[in-house]
Amino acid sequence: MRATGELLNGRYRLGPLVGRGGMADVYRADDARVRPVVVWLHGGALINGSRNSVPRQLLDLCRTDGFVLVSFDYRLAPEVKLPAIIEDVQDAFRWLRDRGPKLFYADPDRVVVTGGSAGGYLTLMTGFGVKPRPAALVAYWGYGDVDGDWYTKPSEFYRKLPLVDREEALRAVGAKVLTATEGGSDEQKARGLYYLYLRQNGLWTVEVTGFDPGKEPRKLDPYCPVRNVSSEYPPTLLVHGTDDTDVPYELSAAMAKELGRQNVPHELVTVKGAGHGLSGGDKKLVEEAHEKALGFIRRHLAADRK
């Protein structure tokens, strides 16, 4: 038996994703106590990233408060399109509910979902796309639509950077289906150029979702959380910086407005002057935002802190 509160890492292949390479990392104390779960969904524009990017503050929270932490991979675009990615996320939550209790003593009825950027978007998708619904959601600098002008038109911010050649961009994708790219790898850097090309030319939505909102304006409604909020949507906390040049702050503000309209308990934690990932924000304000998010998770999981 390890020291009390130490987090152990277990790696599991997701049953429904066998053949697609889906994996989950599970962190928990070395005991047989049934514990509530924090799920992390990584960002990377649905093009990059991996389950290895769990934020330190969430690992620390799970260590001190006795939660299980589960981090999932999912297939990446553009080799697969958004509907298949959402299917992977749904499969992952079915696996958590079906296998989690026996594999790692998870309580499937006490689950808070968290994620950053594209992972924040996927987090918001679980609020209506996963059954039973999670107990609560924490979306860090996420977004509630995938077909707004911010994604379908050339980005003024990214157009200020050196323009990426189409041929160079496309060399990074299309060879094989990936479920992860590791930070700092040549593969991730190359796919980052592909993302930059998409944003510079307003092509992200078409390339990643497989739908052209100009020609099929209603096809993406099922993939836009802001259009699928009901009174049954889980309590939600949104964290966003006002100077975010990648995912505009207005995306979280619009989601908060819709949550309010449906009388869903929610909070929008605004960090003035902070960019994407709260970069460049006042350290005290950033720390306070993270503490609010951790407190929100604690309240909704009612941790046993023995």
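Student: Which residue forms a salt bridge with Arg199?

Tutor: This is a predicted model, in which local features need pLDDT of at least 70, side-chain atom pairs count only at pLDDT 80 or more, and totals for chains, interfaces and linings use all residues. Residues are numbered from 1 along each chain as its sequence is written, and side-chain values use heavy atoms, with hydrogens and water left out. A salt bridge requires a side-chain nitrogen of Lys or Arg within 4 Å of a carboxyl oxygen of Asp or Glu. The closest N and O atoms here are 3.2 Å apart, and the partner of Arg199 is Asp246.

Student: How many residues apart in the chain are Arg199 and Asp246?

Tutor: Helices (H or I, at least four residues) and strands (E, at least two) are DSSP runs numbered from the N terminus. Arg199 belongs to helix H7 (residues 186–201), whereas Asp246 sits in the loop between S7 and H9. The pair therefore links distant parts of the chain, with a separation of 47 residues.

Student: Which word describes Asp246, buried or exposed?

Tutor: Buried means under 20% relative accessible area, exposed means over 50%, and partly exposed lies in between (1.4 Å probe, protein chains only). Asp246 has a relative accessibility of 9%, so this residue counts as buried.

Student: Which side chain joins that of Asp246 in a polar contact of 3.5 Å?

Tutor: A polar contact is a pair of N or O atoms within 3.5 Å; within protein, one must be able to donate a hydrogen and the other to accept it, and residues adjacent in sequence count only if both atoms are side-chain atoms. One such contact of Asp246, at 3.2 Å, is with Arg199. The contact at 3.5 Å is with His276.

Student: What is the phi of Ser117?

Tutor: Ser117 is among the residues in contact (heavy atoms within 4.5 Å) with Asp246. Ser117 lies in the loop between S5 and H3 and is buried, with a relative accessible area of 11%. Most residues other than glycine have a negative phi, and most peptide bonds are trans. Ser117, although not a glycine, has a positive phi of about 60°.

Student: Which residue meets Asp60 in a salt bridge?

Tutor: Asp60 is partly exposed, because its relative accessible area is 33%. Its partner lies four residues apart from it in helix H1, about one turn of the helix. The N to O distance is 3.7 Å, and the partner is Arg56.

Student: Which residues are linked with Asp147 in a network of salt bridges?

Tutor: One pair in this network is Arg227 and Asp221, whose side chains meet at 2.8 Å, N to O. Arg227 is partly exposed, with a relative accessible area of 39%. The residues linked with Asp147 are Arg218, Asp221 and Arg227.

Student: Which helix gives the largest share of the largest nonpolar core?

Tutor: A nonpolar core is a set of buried Ala, Val, Leu, Ile, Met, Phe, Trp, Tyr and Cys residues joined through side-chain atoms within 4.5 Å. The largest has 68 residues, and those that touch the most other members include Phe72 and Leu96. The largest share, 10 residues, comes from H2.

Student: What distance separates the end C-alpha atoms of helix H10?

Tutor: The expected span of a helix is 1.5 Å times one less than its number of residues. Helix H10 (residues 283–301) has 19 residues, so its expected span is 27 Å. The computed distance between its end C-alpha atoms agrees, at 27 Å.

Student: Which residue caps the N-terminal end of H10?

Tutor: The cap is made by a side-chain oxygen that lies 3.0 Å from the backbone nitrogen of Lys284. The residue that supplies this oxygen is Asp282.

Student: How many disulfides are found in the whole structure?

Tutor: A disulfide is a pair of cysteine sulfur atoms within 2.5 Å. Cys62 is buried at 2% relative accessibility, and Cys224 is buried at 0%. The number of disulfides found in the whole structure is zero.

Student: What is the omega of the cis peptide bond between Lys131 and Pro132?

Tutor: Pro132 is in the loop between helix H3 (118–129) and S6. Another cis bond runs from Ala77 to Pro78, with omega near 5°. For the bond joining Lys131 and Pro132, omega is about -10°.

Definitions and conventions
Lists of a residue's contacts leave out its neighbours within four places in sequence.
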